[in-house]
Each structure stands twice: as structure tokens, then as C-alpha cells.
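Please open the structure in your viewer and keep the sequence beside it, so that each selection can be followed in both places. The stops below are meant to be taken in order.

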Amino acid sequence: MAYVDFTDDRNNIRRLQVMLRSLSRWMGEASLNMAVSGKYDERTAHAVMSFQKMNGLPQTGKVDYVTWNEIAAMYRAYDDVLGQTGCICPFPTTL
């Protein structure tokens with residue numbers, strides 16, 4: 001996943017929010033969870049700062065190349081785990 005400027009592109013901000021939200025569930029870290037709004041709001045900046053803190057990165061709340069690469073790498077690892085094991089659903093679902 002290539003780095004792009006997140007400050008004004010709603011689709012890229014949504015992608016970031018989805019990844020952080022997924023990592024929140026995977027890691028059990030509520031500070032990464034947020035609504036997927038497409039807006040780089042205060043909650044999104046706080047989640048980015050939390051991610052940066054957990055990974056020893058400068059806590060700026062901004063998504064630079066290093067932060068993006070860390071988020072993307074962790075998300076890919078998460079996605080790989082789900083791809084191998086499938087979704088674990090506590091209740092049966094029908095589609």
C-alpha cells in the first residue's frame with residue numbers, strides 16, 4: 001500500500017480508519033477504534049498518536065511515511081492471519 005497524503009482525501013482517510021479499527025479489534029486496543037467517517041478528525045489523530053506511541057514512533061498524530069508503513073505492515077499481518085483462519089464468529093450467521 002503506497003503512502004499518500006491523508007489530509008484531504010476522504011477515501012484514503014477511510015482506508016486508514018478501517019485499518020486502525022481492524023487493528024483495534026485484533027490487538028484489543030480500544031484507543032485505535034473510531035468511526036469510519038472519512039474525516040481526519042480529532043479522534044483519528046488520537047488513534048494515530050496511540051499507534052505511534054505503541055510502536056515507538058514520534059507521536060505527531062500525523063500519518064507520515066514511517067507511520068503509514070507500520071500501520072500497513074501490521075494490517076497486512078492481520079489480514080494474512082484472517083485469511084488463513086477465516087472469520088471467527090461467536091454466533092452463526094446466514095447470508
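The tour goes from the whole chain to its helices and then to a group of aromatic rings.

**The whole chain**

Begin with everything shown as a cartoon, and bear in mind that this is a predicted model. The secondary structure of the protein chain comes to three helices and zero strands, and someone reading along the sequence meets the pattern α-α-α. If you colour the chain by burial, buried residues make up 32% of the 95 residues. With a surface switched on, the accessible area of the protein chain comes to about 6200 Å², and 54% of that belongs to carbon and sulfur atoms. Among the contacts with a separation of 6 or more, 41% are accounted for by residues 24 or more positions apart.

**Helix α1**

Next select residues 10-27, which form helix α1 with its 18 residues. From its first C-alpha to its last, α1 reaches 25 Å, close to the 26 Å expected at 1.5 Å a residue. Which residue caps the N-terminal end of this helix? Select Asp 9, and you will find a side-chain oxygen of Asp 9 at 3.0 Å from the backbone nitrogen of Asn 11. At the other end, just after α1, select Gly 28, which takes a positive phi of about 65°.

Now show the side chains of the helix and look for those that are buried, including Ile 13, Leu 16, Met 19, Leu 20 and Leu 23. Polar residues also belong to the buried set of α1, among them Asn 12, Gln 17 and Ser 22.

Stay in helix α1 and pick Ser 24, which is buried, with a relative accessible area of 6%. With which residues is Ser 24 in contact, once its neighbours within four places in sequence are left aside? They are Glu 29, Ala 30, Leu 32 and Asn 33, so it is useful to show these four together with Ser 24.

**Helix α2**

Move on to residues 42-54, the 13 residues of helix α2. At 1.5 Å a residue this helix should span 18 Å, and its end C-alpha atoms are 18 Å apart, which agrees. Within α2, the residues to colour as buried are Thr 44, Ala 45, Ala 47, Val 48, Ser 50, Phe 51 and Gln 52. After α2 comes Gly 56, whose phi is positive, near 70°.

**The aromatic cluster and helix α3**

For the last stop, select Trp 26, Tyr 75 and Tyr 78, which ring pairs link into a cluster. The count here comes to two aromatic pairs. Trp 26 and Tyr 78 form a tilted pair, with 5.6 Å from centre to centre and 55° between the planes. Because Trp 26 lies in helix α1 and Tyr 78 in helix α3 (residues 65-85), this pair ties together parts that are 52 residues apart in sequence. Is Trp 26 buried or partly exposed? At 37% relative accessibility, Trp 26 counts as partly exposed, while Tyr 78 is buried, with a relative accessible area of 12%.

The other pair to display is that of Tyr 75 and Tyr 78, which is also tilted, at 6.0 Å centre to centre and 40° between the planes. These two residues are three apart in helix α3, and they are therefore separated by about one helical turn. Both Tyr 75 and Tyr 78 are buried.

Methods. Residues numbered from 1 in each chain as written. Predicted model: local features only at pLDDT ≥ 70, side-chain atom pairs only at ≥ 80, totals over all residues. Heavy atoms only, no water. Helix = DSSP H or I, 4+ residues; strand = E, 2+ residues; numbered from the N terminus. Expected span 1.5 Å × (residues − 1). Buried < 20%, exposed > 50% of the residue type's maximum accessible area, 1.4 Å probe, protein only. Polar contact = N/O pair within 3.5 Å; in protein donor to acceptor, adjacent residues only side chain to side chain. Phe/Tyr/Trp six-rings, centres within 6.5 Å; stacked < 30°, edge-to-face > 60°. Contact = heavy atoms within 4.5 Å. Areas by Shrake-Rupley, 256 points an atom, 1.4 Å probe, with all protein chains shown as cover.
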